[in-house]
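Biologist: Please show the sequence and the structure, so that we may discuss them by question and answer.

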Amino acid sequence: MAGPDGEHRRPPGVNDATVAALGMLTKALEYTERARGHLSAVHHMTGGADRMLAEAVRMLREAGHGDQADLVERELLGRDVVPGMWTYQLIEAYDRTYYRAFTAVEEQVRQDLAAGHRHLAEAKMQQAARARRRRHTAP
């Protein structure tokens with residue numbers, strides 16, 4: 001391929017400094033997406049732990065340890081992870097107060113500076129890598 005496809009081609013007038021800044025902004029967004037994924041992992045793992053607690057409570061009762069079963073059930077089973085919130089509410093709050101704002105601002109900046117084109121910095125790196133490869137493999 002001679003150059004980036006149309007979606008990743010640098011619009012006229014967009015300089016290297018702008019491409020670098022947009023690349024950093026997108027990288028920051030990608031980190032928030034990873035953080036959001038980790039929140040989902042926390043949600044799944046905490047839910048799994050809560051189901052295991054319910055099983056532990058059942059097993060403690062069957063083993064004749066009612067007081068300990070009551071303690072686990074009372075103090076841990078179904079407990080909020082932060083005051084007033086379960087993990088799904090953490091994800092919702094993250095989305096509502098941070099993630100949606102982040103994605104909207106990142107998109108607006110890309111629209112303002114690069115006609116909405118994405119991954120211009122990566123396309124530039126891709127072209128540089130292809131040029132190096134051609135130099136090293138040329139007869």
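Modeller: Arg132 lies in helix H4, which covers residues 120–137; helices here are DSSP runs of H or I with at least four residues, numbered from the N terminus, while strands are runs of E with at least two. This is a predicted model in which local features need pLDDT of at least 70, side-chain atom pairs count only at pLDDT 80 or more, and totals for chains, interfaces and linings use all residues. Residues are numbered from 1 along each chain as its sequence is written, and side-chain values use heavy atoms, with hydrogens and water left out.

Biologist: Is Arg132 buried, partly exposed or exposed?

Modeller: Buried means under 20% relative accessible area, exposed means over 50%, and partly exposed is in between, with a 1.4 Å probe and protein chains only. The relative accessible area of Arg132 is 42%. Arg132 is therefore partly exposed.

Biologist: Which residues form a positive surface patch with Arg132?

Modeller: A patch is made of residues with over 30% relative accessible area and no salt bridge, where like charges are joined within 9 Å and nonpolar side chains (Val, Leu, Ile, Met, Phe, Trp, Tyr) within 5 Å. Lys and Arg count as positive and Asp and Glu as negative, whereas His and the chain ends are not counted. The partners of Arg132 in this positive patch are Arg133, Arg134 and Arg135.

Biologist: Which residues does Thr87 touch, leaving aside those up to four places away in sequence?

Modeller: Thr87 lies in helix H3, residues 87–114, and counts as buried at 8% relative accessibility. Contact means heavy atoms within 4.5 Å. With residues up to four places away not counted, Thr87 touches Val42, His43, Thr46 and Val81.

Biologist: With which residue does Asp95 form a salt bridge?

Modeller: A salt bridge is a side-chain nitrogen of Lys or Arg within 4 Å of a carboxyl oxygen of Asp or Glu. For Asp95, the closest N and O atoms of the pair are 2.5 Å apart. The pair links distant parts of the chain, 59 residues apart, with Asp95 in helix H3 and its partner in helix H1, residues 16–62. That partner is Arg36.

Biologist: Is Asp95 buried or exposed?

Modeller: The relative accessibility of Asp95 is 10%, whereas Arg36 counts as partly exposed at 30%. Asp95 therefore counts as buried.

Biologist: How far apart are the closest N and O atoms of Arg61 and Glu73?

Modeller: Arg61 is partly exposed, with a relative accessible area of 36%, and Glu73 is also partly exposed at 36%. The two residues form a salt bridge, and the distance between their closest N and O atoms is 2.7 Å.

Definitions and conventions. Accessible areas come from the Shrake-Rupley method with a 1.4 Å probe; for residues, only the protein chains shown count as cover. The place of a charge is taken as NZ of Lys, CZ of Arg, CG of Asp or CD of Glu.
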